[in-house]
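Me: I want the reasoning behind the labels. Take me through them one at a time.

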Amino acid sequence: MPQNCERTEKVRFKNIILLFPALLLSFRTTASVPPSDSLVTEFDNEYLDTVVLKTDKSINNYSMIGVNYGVTLTSMTFNPSHQQLLTLHPNCISLMYVHHEKMFDYIPYFAFKVGVEFSKEGYEFKPDVDTGETFEFYLEKSRKMEMDVIGVPMMAQLHYDARNFKAFADLGVYGGYRLNVRRYGPNVEKEYETSFYPTDIRWDYGLEGGVGFGIVFAPFEFHISGHLRYGWANTFQPDTTYPAGSKYENLNRFYYRYATPFDIMISAGLYVHLTKRHGRTTADLKREAKEIVYGTDE
């Protein structure tokens with residue numbers, strides 16, 4: 001019996017020894033936590049100068065306006081088809097307004113774009129490899145043709161924004177008007193080298209879209225973009241009938257013939273923000289002032 005008591009005392013002493021570090025650690029942890037009202041810590045200025053705070057700034061619904069300048073690569077979609085060259089024309093100019101708007105006031109990837117652009121349309125045929133002769137377009141006998149066009153594009157935009165960078169894609173429609181024409185070739189009628197035929201169609205419309213990226217240093221953005229423009233409006237009236245004896249008697253009398261624009265526009269643009277991209281807007285400040293005076297509805 002004494003031996004059992006001695007063994008029991010040894011086990012009890014061993015357990016106390018094992019529990020002592022855990023009790024000590026618990027006491028130190030509890031003792032080191034100050035009351036909640038004394039958690040304010042003061043740091044010296046040298047330490048505070050080394051602290052870097054990173055903030056995640058959300059993008060506002062914001063608007064901007066900008067000017068783009070670039071080049072147009074023109075061609076046409078023909079029926080019957082003809083071999084062509086892409087013809088480069090400078091002085092593609094546009095004035096665009098862009099408004100960024102969160103879908104459902106939450107998804108920040110949407111915008112719409114509208115503006116006015118001045119550009120070119122036209123075609124230039126390739127010389128025949130064997131003969132060196134260049135195809136002449138139907139009865140007007142032109143080997144090359146170009147038109148000045150003023151248009152109004154209206155496009156939806158998907159965009160991704162970082163602090164100083166953005167990428168975007170545009171898609172929409174455009175309407176336009178062909179201002180003038182110039183035809184080239186030895187057999188073009190002199191009076192129509194710079195004049196439209198009665199069968200030519202001046203109004204233009206179709207699809208326009210493209211992609212681009214921007215460098216952002218508020219309140220300015222610098223954009224590089226490339227757009228495709230696919231016209232739905234024929235450049236002339238097919239299957240047109242004129243009185244017998246008219247010099248246009250046989251002009252464009254075949255309903256299956258058509259020519260529609262297919263152009264590539266590459267441009268650089270400078271935009272300026274009309275409202276804040278980051279931070280509180282005028283509407284935010286007015287809302288806060290109203291809440292201070294009248295309170296909230298909650």
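Me: Which residue of β9 stands opposite Glu221?

Reply: Tyr271 stands opposite Glu221. Keep in mind that this is a predicted model.

Me: What makes β8 and β9 a pair?

Reply: Pairing needs at least two bridges between the strands. β8 and β9 (residues 258–273) are joined by 11 bridges, and they run antiparallel. Therefore 11 bridges meet the criterion of at least two, and the strands pair.

Me: How do you know that β7 pairs with β8, and in which sense?

Reply: β7 (residues 203–217) and β8 share 12 bridges, in the antiparallel sense. One bridge sets Glu208 against Arg229 of β8. The connection between β7 and β8 is a hairpin through 2 residues. Pro219 is found in that loop between β7 and β8.

Me: What makes the peptide bond before Pro219 cis or trans?

Reply: Omega decides. From Ala218 to Pro219 omega is near 10°, and the bond is cis. Another cis bond joins Asn79 and Pro80, with omega about -5°. Pro80 belongs to the loop between β2 and β3.

Me: Which residues of β8 form the covered face, and which the uncovered one?

Reply: The covered face holds Glu221, His223, Ser225, His227, Arg229 and Gly231. The uncovered face holds Phe220, Phe222, Ile224, Gly226, Leu228 and Tyr230.

Me: Why is Ile224 called partly exposed?

Reply: Buried means under 20% relative accessible area, and exposed means over 50%. Ile224 has 30%, which lies between those limits, so it counts as partly exposed. Ile224 sits in strand β8. Its contacts, leaving out residues up to four places away in sequence, are Phe168, Val211, Gly212, Phe213, Ser267 and Ala268. Gly212 is 12 residues away in sequence, with 5.5 Å between the C-alpha atoms.

Me: Why is Ser94 called buried?

Reply: Its relative accessible area is 9%, under the 20% limit, so Ser94 is buried. Ser94 lies in strand β3 (residues 87–100). Beyond residues up to four places away in sequence, Ser94 touches Gly66, Val67, Asn68, Val116 and Glu117.

Me: Asn91 is also in β3. Why is Asn91 called partly exposed?

Reply: Asn91 has a relative accessible area of 39%. That is neither under 20% nor over 50%, so Asn91 is partly exposed. Its phi is near 65°, a positive value in a residue other than glycine.

Me: Which residues of the largest nonpolar core touch the most other members?

Reply: Met76, Phe78, Tyr123, Phe137, Met145 and Met147, out of 13 residues in that core. β2 (76–79) and β5 (144–161) each supply at least two of its residues. The largest share, 3 residues, comes from β5.

Me: What is Phe78 in contact with, beyond its neighbours within four places in sequence?

Reply: Phe78 contacts Gln84, Tyr123, Phe125, Phe137, Tyr258 and Ala259. There is also a second, separate core of 8 residues, which includes Ile59, Met64, Met96 and Val98.

Me: Which elements have the lowest and the highest mean pLDDT?

Reply: Helix α1 (residues 2–32) has the lowest, at 53. Strand β1 (residues 63–74) has the highest, at 97. Over residues 29–33 the pLDDT is below 50, and this stretch has 0 contacts beyond near neighbours in sequence. For the protein, mean pLDDT is 81, and 70% of its residues reach 70 or more.

Technical notes:
Residues numbered from 1 in each chain as written. Predicted model: local features only at pLDDT ≥ 70, side-chain atom pairs only at ≥ 80, totals over all residues. Heavy atoms only, no water. Core = buried A, V, L, I, M, F, W, Y, C linked by side-chain atoms within 4.5 Å. Buried < 20%, exposed > 50% of the residue type's maximum accessible area, 1.4 Å probe, protein only. Helix = DSSP H or I, 4+ residues; strand = E, 2+ residues; numbered from the N terminus. Contact = heavy atoms within 4.5 Å. pLDDT = per-residue confidence, 0-100.
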